[in-house]
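Here are two short exercises to work through with the model open beside you. Take each task first, then compare your steps with the solution.

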Amino acid sequence: MNEKNLKAIEEIAGAVGLRSQDLLHYGPYKAKISLGAIKRIMKQPAGKLILVSAITPTPAGEGKTTTSIGLTQGLRHIGANAVV
């Protein structure tokens, strides 16, 4: 993993409306979301779900994860509140 390109999980969580106390940290780059935060989020209006599926990856090895991340980055680039 190249740490110079990674954002802290709190920065990413903050971008989608989660607070520091909503996270159960597993190091500086990953965390689980607390049950309390999930209950709070469930009171908000429902969002949209995009399902990415595939049978086989491309010859370059790009599969569902790469597509999902690229799609999320594109949505955020145009101002959508998207998370993967």
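Buried means under 20% relative accessible area, exposed over 50%, and partly exposed in between (1.4 Å probe, protein chains only). This is a predicted model, in which local features need pLDDT of at least 70 and side-chain atom pairs count only at pLDDT 80 or more, while totals for chains, interfaces and linings use all residues. Residues are numbered from 1 along each chain as its sequence is written, and side-chain values use heavy atoms, leaving out hydrogens and water.

**Exercise 1.** Find the salt bridges of Asp22 and describe the setting of each partner.

*Solution.*
- Step 1: Apply the criterion, a side-chain nitrogen of Lys or Arg within 4 Å of a carboxyl oxygen of Asp or Glu. The structure holds two such salt bridges.
- Step 2: Asp22 pairs with Arg19, with 3.5 Å between the closest N and O atoms, and with Arg40 at 2.9 Å, N to O.
- Step 3: Check accessibility. Asp22 is buried at 3%, whereas Arg19, at 41%, is partly exposed, and Arg40, at 26%, is partly exposed.
- Step 4: Put the pairs together: Arg19, Asp22 and Arg40 form a network of salt bridges.

**Exercise 2.** Describe the residues that line the largest pocket.

*Solution.*
- Step 1: Count the lining: 35 residues, with Val16, Thr72, Ala82, Val83 and Val84 nearest the centre. A pocket here is an open set of points on a 1 Å grid over the protein atoms alone, where a 1.4 Å probe fits, with protein on both sides within 12 Å along at least five of seven lines; lining residues have an atom within 4 Å of a point.
- Step 2: Sort them by class: 23 are nonpolar, seven polar and five charged, where nonpolar covers Ala, Val, Leu, Ile, Met, Phe, Trp, Tyr, Cys and Pro, charged covers Asp, Glu, Lys and Arg, and polar the others, Gly among them.
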